[in-house]
Amino acid sequence: MNLSLYTRSFLRKTIFGRSTSQMSLLTPIAQEFRTLAQCPQLAIAEAEDDIDIRTKYRPFLLDPETEATDWISQLELDSVVTKVEENLVKTSSRLKVLVLYGSLRQRSYSKLMAFEASRILHRLGCDVRVFNPKDLPIRDSVDASHPSVQELRELSLWSDGHIWCSPEQHGNLTAVFKNQIDWIPLATGSVRPTQGRTLSVIQVNGGSQSFNAVNSLRILGRWMRMFTCPNQSSLPMAWKQFEDEGGDGSGKARLLPSGNRERLVDCMEEFVRYTIIMRPHFEIFGDRFSERKERTEKERKKNEVPVDKI
């Protein structure tokens, strides 16, 4: 780089001529970050958890010895842990996360991926609940009063954000996954089970990496009036990415080290940050001119005195 005589003189006087103590002020100080194992434990402890919820909705949990030393415990997520701690102090409320996956096979890779995402969120202090779609009937084959339909809708209404993980089959979402979204209404009266909530999207592939499923998940998220995080995770050749190939389908097989695993961590970290920011403003996002006008019109008609009563 060619510097003018004036520039070289200026640099000598302002930087090169400074003492070591002066120069140290210009040198970034290396910051030490903590791993999750070194951070305060934010996960819901068994002693403080509801036993029924823990049994039904947290099948991803591992034994304490494994959790203390597994790959998630070694993640450096210090900055987001600090944000979670601040949010817990401020709100006294954990982020509530609903996780959906899209396969019923015994060794379901979308379930394995969803479980790993859930473990990360659980360690970050979230109240994570995974919905099992095995008893959910095909949309409109039964009445909406079906217990599994009501369960899914109540979980969505309870949640602050969703994690959606679908396999890609024939270039798009699976029927198992889409059926879950089809059962969640945009609105039930004045209640909107998904509006304003955050969403992170994940897909698993049997072959090479593709983004068809996550693109479709984004379309669904927009249609359900959710805020989808910019980052996304697509896992190629999922059958090679987990340990214990050919295992019993218990969901305990772990995601092997790779850039894909790191991307999943990125997505979950981003999801937590976005949800902390967005959660206080759900009501603002649901306030629309057209709906206010509709409510006013209904109220006017309700209070209108019929002509024959005048």
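Student: How many disulfides does the structure hold?

Tutor: The structure holds zero disulfides. Keep in mind that this is a predicted model.

Student: Why does C229 form no bond with C267?

Tutor: Start with the cut-off: the two cysteine sulfur atoms must lie within 2.5 Å. The closest cysteine sulfur to that of C229 belongs to C267, and it is 8.0 Å away, so the pair is too far apart for a bond.

Student: Is C229 buried or exposed?

Tutor: Buried means under 20% relative accessible area. C229 has 0%, so it is buried. C126 also counts as buried, because its relative accessibility is 0%.

Student: Now the strands. How do I read the surroundings of β1?

Tutor: Count its buried residues. In β1, residues 96–101, five of the six are buried, so the rest of the structure largely encloses this strand. Side chains in a regular strand alternate between the two faces of the sheet.

Student: Which strands does β1 join?

Tutor: One is β2 (residues 127–130), parallel to β1 and joined by four bridges. There, V97 stands opposite V128. From β1 the chain passes through α6 to β2, a right-handed β-α-β crossover. Another is β3 (residues 161–167), also parallel to β1, with five bridges. Here V99 has I163 as its bridge partner.

Student: What should I check in helix α6?

Tutor: Compare its span with the expected value. α6 covers residues 109–123, 15 in number, and its first and last C-alpha are 21 Å apart, close to the 21 Å expected. Then look at burial: 15 of its 15 residues are buried.

Student: What follows α6?

Tutor: G125 does, with a positive phi near 85°.

Methods:
Residues numbered from 1 in each chain as written. Predicted model: local features only at pLDDT ≥ 70, side-chain atom pairs only at ≥ 80, totals over all residues. Heavy atoms only, no water. Buried < 20%, exposed > 50% of the residue type's maximum accessible area, 1.4 Å probe, protein only. Helix = DSSP H or I, 4+ residues; strand = E, 2+ residues; numbered from the N terminus. Expected span 1.5 Å × (residues − 1). Pairing = 2+ DSSP bridges. Right-handed = clockwise from strand over helix to strand, strands pointing away.
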